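Reader: I'm new to reading protein models and I'd like a close look at one part. Could you take me to the biggest enclosed space in this one and then show me what surrounds it?

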Amino acid sequence: MSHRERWMAWIFVAPALLLVGALMYYPMIGTIIESLYSTSFINPVPKFQGLAAYYKILADPIFGQVVWNSLIWTVFVVALQNVFGLLVALLLNQQMPGQGLMRSLVLLPWVLPGVVAAILWRFMYDPQLGLVNSLLISLGLIDHGTAWLAETSTAMGSIIMAAVWKGFPFSAIVYLAALQTVDQEQVEAAKIDGAGATRRLFDVVLPGIKDVIAINLLLTTILTFNYFDIIWVMTNGGPQNATAIFPTQIYELGFGQFRFGEAAVYGVFSILVLALLIMVYFGVLSRGRHRGKAS
Amino acid sequence: MNTRSHRSRQAALLALNVVLALIILVPFFWMVSVSLKPAAEPFSIPARLWPENPTFDNYITAFRPEFRTYFMNSVIVSLSTVIITVSLALLAAYAFTRTHVRLLIIAMTLVIVTQMFPASAIIIPIYKMMKGANLLNTYTSLILAYVTVTLPVAIWMLRGFMANLPLTLEEAAAIDGAGPFRTFFEIIVPLCRPGIVATAVFVLIVTWQEFLFALSFTSTKEMRTLPVGVNDFIGQYGIRYGELMASSVMISMPVVAVFFFLQRQFVAGLTAGAVKG
């Protein structure tokens, strides 16, 4: 490659490098620095305080609750969204009339703007007017409306269901594309050998898309951990912090209470969690590549 | 194959498809139905799915001047972001797929990783930077932030397309004496059309619904985008669901329409990268 071409390549990527460097990597360092300073509504000038904000937050029971909520939220949304997404992909992969229509229909919830989905589900869960209560009452499962989003015991489960509804289409479409790459000859061979549908699924189909499943699980984990809009619009992290996860807590502390330092501490912890997940992601990715080359 | 078992299998599949369609469509139907119910008519308890006296009143009320402002803001910010992101991503993806410079490959990998970064964790420093540059409450701050968050995915999607283009075309162009810019604009960009469409739709969907940056950077009604604006409606006018649902339908319409027109290219572009890894 000539000297000139080398320069051209750098010129082509320069805008992307500058923007991402200035607005992604630099602020990440900024968050770490911010977490060492104290600012508040009354004292807007940042004052160095070392790790004081870390001690304060680690001693605060709300921190434990946010960690626990984030864990529950992420694990359940990811698990349900991927299991449901895979089942839907298997269904859409079958030959039958009307399948084309279903494949385009299925992405609808994902295309719907997050805030709209949140408002819609807030309304679905409304104690008096919502469809969820009406449905459960008419089925005889409950005899009066429940305020799903206002009870600490039901709020988390309710927003998880809303997020799964919004998120499963993406997993379904990724899995559907992966299923179409599965070697049909192997499936036929297993059929001739007398393997039933379940055996074929577990012995041929799922191993064939193993890498896609692993990568999609990690990607949805990262996206779910970072979720903000649905929770913020549906519950604001409440009631009594029952649905507060890292992103909502950062926003609440930073922009709700102007405690930037404390918000940044939560930011640093979530960067650490994400860094770990991203490392696992690249581990899985490179393992998949090696296997791909070997076979 | 045994016809009877084939038939019962088809019936079972059909039943499952109907269940799936209901799970997807009932909330949508409910949104549209409530948006068409007259505002004065008290909501029936238990809720009824079908509107009895459908009317467009909610739409007329919801289409108030603020809504029109929010809509225009969203259009300006989203379209600018789509154009800038796709242009910059095309350039970067092209250099990325054709170069052998190790440092550049590492740098671009670091760019692509940021699609997984938590926006909430870096929002405070970005907010302070925008404040320092006097950009808060402007289109520029939002467009800058949106271009930055959408670029990594856009580069990644376009890279998948460009990697499949044969090198021979560029070699032929080089022999004809075309420089890198001419080769890029006259040969590469036209060949990437399907990839550009898929990427543009993706960027549009992401930007149209972005909430966190818009909520943090905009402080006046004149600058709000639709997602933040409609969230404000909840508090301002009490929870008037008829109007809220009408607004929701109007917000969703543009992206849903774009998606249905271009979904074939979009889905192909979206899944190409995910499946190839």
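Author: Here is a walk through the cavity, then the helices around it, and then a few other spots worth a look. Keep in mind that this is a predicted model.

Let's start with the empty space. Rolling a probe the size of a water molecule over the atoms shows where empty space is left. In this structure, that turns up seven cavities of 30 Å³ or more. The largest cavity holds about 1200 Å³ of space. It has 39 lining residues, and the ones closest to its centre are Leu223(A), Asn226(A), Gln115(B), Phe202(B) and Val206(B). So which elements give two or more residues to that lining? From chain A they are α8 (155-179) and α11 (210-225), and from chain B they are α5 (119-132), α6 (139-163), α9 (193-209), α10 (212-217) and α12 (241-276). The largest share, five residues, belongs to α11(A). Sort the lining by class and you get 25 nonpolar, 11 polar and three charged residues.

Now pick out one of those lining helices, α8(A). Is it mostly buried or exposed? Of its 25 residues, 23 are buried, so α8(A) is largely enclosed by the rest of the structure. You can also check its length: at 1.5 Å a residue, the helix should span 36 Å, and its end C-alpha atoms are 35 Å apart, which agrees. There is a bend to look for as well, because α8(A) has a kink of about 40 degrees at Gly167(A), shortly before the proline Pro169(A).

Next, hop over to α5 in chain B, where you'll find Ile126(B). With 3% relative accessibility, Ile126(B) counts as buried, since the cut-off for buried is under 20%. What does Ile126(B) touch, once its neighbours within four places in sequence are left aside? Its contacts are Leu23(A) and Pro27(A) from chain A, plus Phe213(B) and Phe217(B) from chain B. Try finding Ser141(B) too: it sits 15 residues from Ile126(B) along the chain, and their C-alpha atoms are separated by 9.5 Å. In the loop between α5 and α6 of chain B you'll meet Asn134(B). At 69% relative accessibility, Asn134(B) counts as exposed. Its phi is near 60 degrees, a positive value in a residue other than glycine. To see why that is worth pointing out: most residues other than glycine have a negative phi, and most peptide bonds are trans.

Two more buried residues are good for practice. Thr31(A) lies in helix α1 (residues 3-34) of chain A, and at 1% relative accessibility it counts as buried. Skipping neighbours within four places in sequence, Thr31(A) is in contact with Ala264(A), Gly267(A), Val268(A) and Ile271(A), and also with Ala121(B), Ile122(B) and Pro125(B). Ser78(B) is in helix α3 (residues 65-98) of chain B, and its 2% relative accessibility makes it buried as well. With the same kind of neighbours skipped, Ser78(B) is in contact with Leu204(B), Thr207(B) and Trp208(B).

What about open space? The largest pocket has about 1100 Å³ in it. Thirty residues line this pocket, and those nearest its centre are Leu90(A), Asn93(A), Gln94(A), Arg200(A) and Arg9(B). Its lining draws two or more residues from each of α3 (61-92), α9 (184-192) and α10 (197-208) in chain A and from α1 (3-36) in chain B. The largest share, nine residues, comes from α1(B). By class, the pocket lining has 18 nonpolar, eight polar and four charged residues.

To finish, follow chain A along the loop between α12 (229-234) and α13, where Pro239(A) is placed. The peptide bond from Gly238(A) to Pro239(A) is cis, with omega near -10 degrees. Gln240(A) is in that loop between α12 and α13 too. Its phi is near 50 degrees, which is positive in a residue other than glycine, and at 67% relative accessibility Gln240(A) counts as exposed. Then comes helix α13 (residues 246-256) of chain A, where nine of the 11 residues are buried, so α13(A) is largely enclosed by the rest of the structure. Among those buried residues are Phe246(A), Tyr251(A) and Phe255(A). Just after α13(A), Phe258(A) takes a positive phi of about 55 degrees.

Technical notes: Residues numbered from 1 in each chain as written. Chains lettered and ligands numbered in written order. Predicted model: local features only at pLDDT ≥ 70, side-chain atom pairs only at ≥ 80, totals over all residues. Heavy atoms only, no water. 1 Å grid on protein atoms, 1.4 Å probe; cavity = no way out; pocket = protein on both sides within 12 Å on 5 of 7 lines; lining within 4 Å. Points joined across faces, edges and corners; volume = space filled by probe spheres on them. Helix = DSSP H or I, 4+ residues; strand = E, 2+ residues; numbered from the N terminus. Nonpolar A, V, L, I, M, F, W, Y, C, P; charged D, E, K, R; others polar. Buried < 20%, exposed > 50% of the residue type's maximum accessible area, 1.4 Å probe, protein only. Contact = heavy atoms within 4.5 Å. Expected span 1.5 Å × (residues − 1). Bend = angle between axes of the 7 residues up to and from the residue.
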